[in-house]
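Student: I would like to learn how the terms used for a protein model are applied. Please show me one.

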Amino acid sequence: MYAQVIVDVPTMQTNQPYTYEIPAALAELVQPGMRVVVPFGRGTRRVQGFVVGTTETTTTDAPLKSIDELIDVTPVLNHEMLALADWLAKSNFAFKISVLQAMLPNVMRAKYVKTVQLIDESAVADDAQLTAFFADRYEVPLDDDHVAPELLKSIQRLQRQGHVAINYYVGDKAKIKKVTALKPLMSSQAYDDARQKLNKVAKQQARLLTFLMTAPNEWIAQKQVLDATGIDYATLKKAESNGWIARQEIEQYRIPQLTSKIESTTPLPLTADQQAVFDQLKPSLQSKDHQTFLLEGVTGSGKTEIYLQDMAEVLAQGKTALMLVPEITLTPQMVRRVKSRFGESVAVLHSALSDGERYDEWRRIERGEAKVVVGARSAIFAPLDNLGLIILDEEHDASYKQEDNPRYHARDVAAWRAEYHGATLLLGSATPALESRARAQKGLYTLLRLPNRINQQPLPPVEVVDMRQAMKQGEDELFSHQLLEAIQQRLNRGEQSVLLLNRRGYANYVNCRDCGYTPTCINCDLALTMHKASHNMVCHYCGYQEPIPEQCPNCGSKRIRPFGAGTQKVETLLQQYFPQAKTLRMDLDTTRKKGATDQMLEAFGRHEADILLGTQMIAKGLDFPDVTLVGVLNADTTLALPDFRSAERTFQLLTQVSGRAGRDEKHGEVVVQTFNPEHYAIQFAKQHDYEGFYRYEMNLRKDWQYSPYFYTIQLKITHEQQNEAARVAYQIADWLKPHLDEQAVMLGPSMGSVARLNNKYVYRIIIKYKKSEHLFKALDELMQTGQQLQKQKVGLVIDRDPVNFV
Ligand code: ADP
Ligand code: ZN
Ligand code: ZN
């Protein structure tokens, strides 16, 4: 028997599996989806691999190595996951090993230990450095990065001479948490009899027997019994030897806990609007046909209640449900809502979990014990079987795109899985991605709408404050008098405010404080980015450059300069303006600790603070009745992103954050500060007019040939030396050109935004295209040569549908 194995060797990336012989001892055991340890290369190196197939025969004549060890008893990846990995690797120019690893919890990745084993002691006797290294040991762990170069050279020399051997060990970091537990072995009556026969002084034994008489016939944690009865350990040991109980170690799941108790809830009676939406979904939820729905519902329209009832519907049919939410920050409130409805059958997967918790949740899902999964992006790989429904809440959110190897978009993976299972895919948002809305227009998705808030609660009025005027009147760059007054009013009334400091993708853009002008590219209509080092403004899309302006080309003002302020600075300012107010600051720094987000939001929910100040992370999902003011300090940051989606991002962000105001009976108000009050993204957001924005933006995208009219591929070429990065970039561009269809457009190569990232120079090529067939073949070929590039220390990234051009 032979096994096809994808090996974990970063420097030899290929999507071609290697064939290994299956030794007789493992013949019956090896199955696709299991992890194995295999020898690799010429030396004694051993690596982890995934079995992706087995065959009776092989066509190669070359001598084959055989599998050393089997890591798993049962496959950790099923047929679906293996097929998904194939597709994902191919369609995203990713390496299969990284996809397979991304599908599993971190702890299941291989842990490698490399050691140096001393064979001939006399060979090191004269060398002080080597003697110190071995320090009377025969086998010493070797960490190449932390060993002095001369020492490493000596070790290599000794290896060549056969005096030392390098060994490789492949381990599994996964640890199961075990606790000692006991289980009653006798009937209630038998325990009672035993108790009658006891000596009167055996008080502890009597207490234990009384406990056992009413205990359930299952494993109970030992600690729990000790706590409940107050008996000592010796009594338990005696009970075991008497044959009263069984004792052994059992596995205990580490289930992530929220900071406060979860009350259970029942489905709300749906409003007429919600019912109409639900009725349209129901046939699909009950059938095995794959169908995609786009639920376009304003903030607070009751989308989440629909998600919950849809999940209940598929669960009732014995199927499972998967729900993605954008970021960890949204999870506490959302997790609470889902758990309160479905209790213990809910598993949660997001990056704030400890490795152990993540591993345990993964296994609860894999074993079929959890039927509902809520999680962030990578939860899309949750090993749920028999999926009936996949929900992407806030489906437009950019965090669904994974930017690191393997690059993928969770929405695409969701579509693939929904099709595989014949499941319903439900995309929900107040501000759908243009691509999704356009697909609904074409009839590829079914469009469902909830245009009103629950109970006809109005959307909050939005006041747009012109910061050019504020500046002329000598006001603060971050706090106009309108915003200050609005905050003061809330403080007087005992209501709460949410303030957003918009810092997404914080780019070095400049703008004119007098007229709001931001320099843009003449070719692309995108904001130019300031490169201080080279003293110019650069277009990240096509590479166009111009000098940094000393005065505004539009109005002549000298007050044209970079924009930026941190949350800490704003917090200090707030303290100066409102010394009596209590402010909570929520940003990456204050939420790093586990559970910090949850605690902060709960404290704010209990009204322990008057103002919640934060970055993008506060824009979504929060639902607090006392919040009646939302202030956006600087709406322009997203507008100035060097990205064709900058207007869309701005519209989305403003709409999301406005949605936080006045969700209860109290009416809300939104204040948006901007240097570009006429900008259509801001104007449509002011009107809460998604459909209007959609139509306007689609026209622009058509004119400028952007998505969804054209697809985009971004190639990034990196090297430590600038001229080398440039040379390879031009070489690749020249090689690719003949493979492009007539409609396709190539931009660049141009220098990357941050000229040097991690000490590497970045060059990028952007290709806009309509048909992918020829292009993808060429890119695939290019990727296969990646190994050769790697030898030249050139990095190559092929990014399909990039969401980030910074
Ligand atoms: P969305 O997800 O669209 O922002 P939510 O589902 O959070 O909206 O609903 C907004 C508010 O309305 C929540 O407080 C929710 O509990 C409440 N709600 C939703 N559906 C109903 C309903 N059918 N009856 C009463 N209240 C509802
Ligand atoms: Zn100006
Ligand atoms: Zn340009």
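Student: What phi does Gly494 take just after helix 16?

Tutor: Gly494 takes a positive phi of about 70 degrees. Helices here are DSSP runs of H or I with at least four residues, and strands are E runs of at least two, numbered from the N terminus. This is a predicted model, in which local features need pLDDT of at least 70, side-chain atom pairs count only at pLDDT 80 or more, and totals for chains, interfaces and linings use all residues. Residues are numbered from 1 along each chain as its sequence is written, and side-chain values use heavy atoms, without hydrogens and water.

Student: What span is expected of helix 16, and what does it reach?

Tutor: The expected span is 1.5 Å times one less than the number of residues. Helix 16 (residues 481–493) has 13 residues and reaches 18 Å from its first C-alpha to its last, close to the 18 Å expected.

Student: Which residues of helix 16 are called buried?

Tutor: Buried means under 20% relative accessible area, exposed over 50% and partly exposed in between, with a 1.4 Å probe and protein chains only. Leu483, Leu484, Ala486, Ile487, Arg490 and Leu491 are buried.

Student: Why are they said to lie on the same side of helix 16?

Tutor: Because they cover an arc of only 165 degrees around the axis. The arc is that of the directions from the helix axis to the C-beta atoms. On the other side, Glu485 and Asn492 are exposed.

Student: What do the buried residues of helix 16 pack against?

Tutor: Contact means heavy atoms within 4.5 Å. Their partners include strand 22 (496–500) and helix 17 (567–577).

Definitions and conventions:
Chains are lettered from A and ligands numbered from 1 in the order in which they are written.
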